[in-house]
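Hi there,

Here is the structure I promised to pass on to you. Have a look at it first, and then read my notes below.

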Amino acid sequence: MEINSLSTGNRNFGATVTGFDIADASENDIQAIESAIDRCAVLIFPDQQIDDAQQYIFSSKFGSMEKATGDIAQNHERRLALDINDISNLDRNGSVLARDDRARLFGLGNMLWHSDSSFKPIPAKYSLLSARVVPATGGNTEFADMRAAWDALNTEQQNECKDLVCEHSQLYSRGALGFEDFTAEERIKWAPVNQPLVRQHPKTKAHSLYLSSHIGTILDWPVPEARLLIRDLTEHATRLEFVFAHQWKRWDLVMWDNRVTMHRARRYDHTQPRDLHRTTVSSAVFT
Ligand SMILES: [Fe+2]
């Protein structure tokens, strides 16, 4: 196994992992990957031709697994098993969704900067995203380093943030795009949850901003003032020096640590199929 950092400046942010087949991962391999992701936050494994079962088995070596309860498709509507988040523009028959399809419009929320499952009481630790079909152009995923964003705040700004608690919900992130068409059941299922604005990595002890488009307010703050601070911090945290773009190739597997990063998908031709399968490891211990 060879791990090479991306050249994105002085920080350790992003690495490629080659010479390794995830279907044959040993305990030593898993430890090396954990150590690399603690350092680099995003790992790119090119050319991993896998199915959902192989992806799930590999992912589960890193901790307890999430179910895809954040997807809008209910059980009978789902294209994929509930162990797999469906990051695609396809319906259950594999056809490209119509432009005004509700599931497609909901999915556009993935194009806002976010941390996966920050809207769940126990949010995501790692996400693993496997590219099965990619469009000819567009559809990159961009990643932003929330450790570097924290480090670049001055002491006064850090002190203002460090004890704040935010409310996260998919109702907020979709609402930011004007998608308000939620059922009563969805409003209950995705009721806001509280998350700290600043996290500390349990192993590296690095602090990071825990930002996400799912944030709707800060506890005990007036909503407009809260949203302004979150908007300011998000602008700061997604400056070019903290960001890199991943241009997908078929069979790339990309794994990232949601505790210390944000990401967003970029636009692409909505008539072209784009099919990525995500498995998600939860944060067993929230820190
Ligand atoms: Fe995501």
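The notes that follow are about pockets. Please keep in mind that this is a predicted model.

Let me start with the largest pocket, which holds about 980 Å³ of space. Its lining is made up of 47 residues, and the closest to its centre are Asp86, Ser88, Ala103, Arg104 and Gly107. If you want to find the pocket by secondary structure, the elements that give two or more residues to its lining are strand S4 (85-88), helix H3 (102-107), helix H6 (170-176) and helix H7 (184-189). Helix H3 provides the largest share, with 5 residues. As for chemistry, the lining of the largest pocket counts 21 charged residues, alongside 13 polar and 13 nonpolar ones.

Now for the second largest pocket, with a volume of about 640 Å³. Here 22 residues form the lining, and Leu112, Ala176, Ser213, Ile215 and Arg231 are the closest to the centre. Two or more lining residues come from each of H6, helix H8 (223-237) and strand S14 (261-265). The largest share of this lining, 5 residues, belongs to H8. Sorted by class, the second largest pocket is lined by 10 nonpolar, 7 charged and 5 polar residues.

One element to look at when you open the model is H6: it gives two or more residues to the lining of the largest pocket, and H6 also gives two or more to the lining of the second largest pocket.

Happy browsing, and best wishes!

Terms used:
Residues numbered from 1 in each chain as written. Predicted model: local features only at pLDDT ≥ 70, side-chain atom pairs only at ≥ 80, totals over all residues. Heavy atoms only, no water. 1 Å grid on protein atoms, 1.4 Å probe; cavity = no way out; pocket = protein on both sides within 12 Å on 5 of 7 lines; lining within 4 Å. Points joined across faces, edges and corners; volume = space filled by probe spheres on them. Helix = DSSP H or I, 4+ residues; strand = E, 2+ residues; numbered from the N terminus. Nonpolar A, V, L, I, M, F, W, Y, C, P; charged D, E, K, R; others polar.
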